[in-house]
Amino acid sequence: MSEKVKIRLKVNGEDVTYEVDAHMSLMRALREHYVWDVKCGCEVGECGTCTVLLDGQAVKSCLTLAAACDGHEVWTNKGLGYRDPLTARLQEAFVECGSVQCGFCTPGMIVAGAAYLKHGGKADRAAIKNIISGNLCRCTGYVKIVDAIYLVAKEIEEGRLTA
Amino acid sequence: MNTKHIMKEYDYLKPSGLDEALQILSEKEKVKIYAGGTDLIVKLKMETVPDMDYMMDINGIEELKQVEYTDEGVRIGANRKLWDIETDQRMTSLFPALTDAVKAMAAISVRNLASIGGNFCNASPVADAVGPVMCYGGTLEIASARGVRKVPAKDFFLAPGVTVLEKDEMLTGIFIPTPKGDVGHAFTKMARTKSDIAKLSLCVALARDGGRIGHIAMSMGAVAARPLFLEEISAGLAGKEMSESLAMETGEAVSGFLQPIDDNRTTAVYRKDVTKTMVADALALAWARSGGA
Ligand SMILES: Cc1cc2nc3c(=O)[nH]c(=O)nc-3n(C[C@H](O)[C@H](O)[C@H](O)COP(=O)(O)OP(=O)(O)OC[C@H]3O[C@@H](n4cnc5c(N)ncnc54)[C@H](O)[C@@H]3O)c2cc1C
Ligand code: FES
Ligand code: FES
């Protein structure tokens with residue numbers, strides 16, 4: 001019963017092979033392989049701090065089975081920050097706008113924000129609030145997080161940055 | 001430990017075609033289907049999933065993710081992701097109550113995973129995508145190695161978490177007929193925050209016949225042990241002249257008919273009370289959208 005499952009996936013641009021339990025979430029699998037910027041919060045899909053890009057779409061990695069990710073591509077906040085100029089800029093904007101307090105929600109917020117911007121999201125505060133609605137922050141009151149995503153969206157709209 | 005591991009042991013299976021999946025369901029015992037996992041994984045972590053020996057991941061089956069339009073209507077594959085449904089322009093123009101309901105569910109990072117079929121098969125009385133499909137007269141396509149059968153969406157649910165699916169069966173698709181005539185729809189949901197589970201949800205789909213209601217279907221979520229299709233009250237409205245007082249009376253009638261319960265989201269009294277205005281408002285909105293004065 002319950003054999004290990006071998007999965008091949010791309011994590012932050014690198015091909016990796018993980019051996020995982022059939023019942024392990026993607027979040028657990030990533031953290032077991034030292035991808036610690038993916039945070040473990042509620043583990044039941046409520047808080048959003050575990051958000052990663054799976055094939056370019058923001059998903060809650062605590063709700064995703066690692067076994068189901070064989071052949072897929074995962075990007076996390078840290079990997080995106082190193083390799084993707086848009087996310088790197090968004091991370092800076094979080095600092096500039098004071099969007100980080102305890103920092104616990106930040107990796108998920110950045111990934112959710114980056115997914116929004118990459119899919120052509122506009123500098124529209126209501127739309128930005130909507131896309132971070134699955135990400136809880138207990139510190140900032142959200143305003144500064146929205147500010148940061150808005151700022152980068154504006155830069156893209158003004159042609160100072162490409163999405 | 002402040003973490004939630006899945007303690008259950010099972011084998012993981014990933015069929016690449018529908019036939020293979022149906023074969024697995026007919027040959028093996030205690031198989032659970034994994035579509036988006038957004039209900040199932042949470043339940044596994046809360047240890048509320050009964051016995052399972054196999055987890056069958058259906059994400060390798062392409063045909064379950066497809067959507068197909070014909071003159072008669074749309075067929076949505078059971079494992080089509082909610083995000084692909086809400087961003088489909090044709091879906092939004094034909095079935096706005098459905099796309100509104102989907103947009104009101106969870107967060108994008110959940111809707112990228114979650115499937116419409118999972119929303120049905122989880123069979124929660126609060127499942128948001130169910131009401132619109134029932135009101136549009138949708139039919140569910142159910143398959144097993146024994147064959148395919150069709151069940152009207154309104155007859156799919158038996159009790160919380162229980163559907164008409166036999167243990168060797170799975171949901172493969174949802175067919176919704178194209179609404180005809182001067183149609184108007186409304187989906188409304190009351191919840192603590194936008195992406196929260198409903199305290200109450202309501203769907204109305206009507207076809208206008210001049211100043212009268214032609215055909216109408218209404219349903220509610222979170223008021224009974226299963227998604228509630230208001231068949232008789234709706235039938236009683238057909239042929240009636242639309243007016244503000246009719247909308248109010250209908251709100252009273254629906255509220256009087258309900259026997260909701262108290263739970264951790266709200267109380268029975270609240271549900272009965274708010275239903276009155278919710279129904280009256282949604283009727284008026286659907287009417288206005290149908291072009292009615
Ligand atoms: C944070 C959060 C918020 C949520 N908010 C809402 C909300 O506002 N409204 C709402 O309605 N829901 C909500 N949900 C619940 C859930 O996201 C939806 O019900 C979703 O549509 C389930 O789809 P899934 O593909 O993830 O299902 P899964 O979890 O994969 O499956 C659910 C159940 O259906 C069975 N199943 C799945 N597909 C099939 C099939 N094709 N044939 C037979 N059985 C099948 C599974 O075995 C399982 O028992 C929320 C969930 C989370 C985690
Ligand atoms: S840890 Fe995944 S949503 Fe909270
Ligand atoms: S900064 Fe502390 S939770 Fe958001």
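I began at ligand 1, where an oxygen atom sits 2.7 Å from a polar backbone atom of B:Ile33; I keep in mind throughout that this is a predicted model. I then looked along the chain and found an oxygen atom of ligand 1 at 2.8 Å from a polar backbone atom of B:Gly37, and an oxygen atom of the ligand at 2.5 Å from an N or O atom in the side chain of B:Asp39. I noted next how much of the ligand is covered: taken alone, ligand 1 exposes 990 Å², and the protein buries 93% of that. For the secondary structure around ligand 1, I listed the elements that give two or more residues to the shell, and these are strand E2 (31–34), helix H7 (116–121) and strand E10 (170–177) of chain B.

I also recorded where the ligand is placed, which is between chains A and B. Of the 33 residues around ligand 1, those that come nearest are B:Ile33, B:Thr38, B:Asp39, B:Leu40 and B:Ser115. Sorting the shell by class, I have 19 nonpolar, nine polar and five charged residues.

**Helix H4 of chain A**

I turned to H4(A) and compared its length with expectation: its 13 residues should span 18 Å at 1.5 Å a residue, and because its end C-alpha atoms are 18 Å apart, the two agree. I asked myself how many of the residues of H4(A) are buried. The count is 12 of 13, and I therefore entered the helix as mostly covered, taking buried to mean under 20% relative accessible area. The buried residues include A:Thr106, A:Pro107 and A:Gly108, and also A:Tyr116 and A:Leu117. Looking for what covers these buried residues, I found that the cover includes strand E3 (51–54), strand E4 (57–60) and helix H2 (77–83), together with H3, H5 and H6 of chain A. Just after H4(A), I marked A:Gly120, which takes a positive phi of about 85°.

**Helix H6 of chain A and its flanks**

Since H6 had come up as part of the cover of H4(A), I examined H6(A) itself, which runs over residues 143–157, has 15 residues and reaches 21 Å from its first C-alpha to its last, close to the 21 Å expected at 1.5 Å a residue. Its buried residues are A:Ile145, A:Val146, A:Ala148, A:Ile149, A:Val152, A:Ala153 and A:Glu155, and they pack against helix H3 (85–96), helix H4 (106–118) and helix H5 (125–131) of chain A.

Ahead of the helix, I looked at A:Thr140, which lies in the loop between H5 and H6 of chain A and is buried, with a relative accessible area of 14%. A polar atom of the A:Thr140 side chain lies 2.9 Å from the backbone nitrogen of A:Tyr142. Leaving aside neighbours within four places in sequence, I found A:Thr140 in contact with A:Ser99, A:Gln101 and A:Ile145, and A:Ile145 is one of the buried residues of H6(A).

Just after H6(A), A:Gly159 takes a positive phi of about 75°. I then reached A:Arg160, in the segment after H6 of chain A. Is A:Arg160 buried or exposed? At 58% relative accessibility, A:Arg160 counts as exposed, and I noted that its side chain makes a polar contact, at 2.5 Å, with the side chain of A:Glu158.

**A sequence-distant pair in chain B**

In chain B, I checked B:Ser26, which is found in helix H1 (residues 18–27) and counts as partly exposed at 33% relative accessibility. B:Ser26 and B:Asp168 are 142 residues apart in sequence, yet I have them 4.9 Å apart in space, C-alpha to C-alpha. Beyond its neighbours within four places in sequence, B:Ser26 is in contact with B:Ala145 and B:Asp168.

**Positive phi in chain B**

Most residues other than glycine have a negative phi, so I looked for exceptions. B:Ala106 has a positive phi of about 40° although it is not a glycine; I placed B:Ala106 in the loop between helix H5 (96–103) and helix H6 (108–111) of chain B, partly exposed with a relative accessible area of 26%. The phi of B:Ala222 is near 70°, again a positive value in a residue other than glycine. B:Ala222 is in the loop between strand E13 (212–221) and strand E14 (228–229) of chain B, and I entered B:Ala222 as buried, with a relative accessible area of 9%.

Conventions
Residues numbered from 1 in each chain as written. Chains lettered and ligands numbered in written order. Predicted model: local features only at pLDDT ≥ 70, side-chain atom pairs only at ≥ 80, totals over all residues. Heavy atoms only, no water. Near = heavy atom within 4 Å. Polar contact = N/O pair within 3.5 Å; in protein donor to acceptor, adjacent residues only side chain to side chain. Areas by Shrake-Rupley, 256 points an atom, 1.4 Å probe, with all protein chains shown as cover. Helix = DSSP H or I, 4+ residues; strand = E, 2+ residues; numbered from the N terminus. Nonpolar A, V, L, I, M, F, W, Y, C, P; charged D, E, K, R; others polar. Expected span 1.5 Å × (residues − 1). Buried < 20%, exposed > 50% of the residue type's maximum accessible area, 1.4 Å probe, protein only. Contact = heavy atoms within 4.5 Å.
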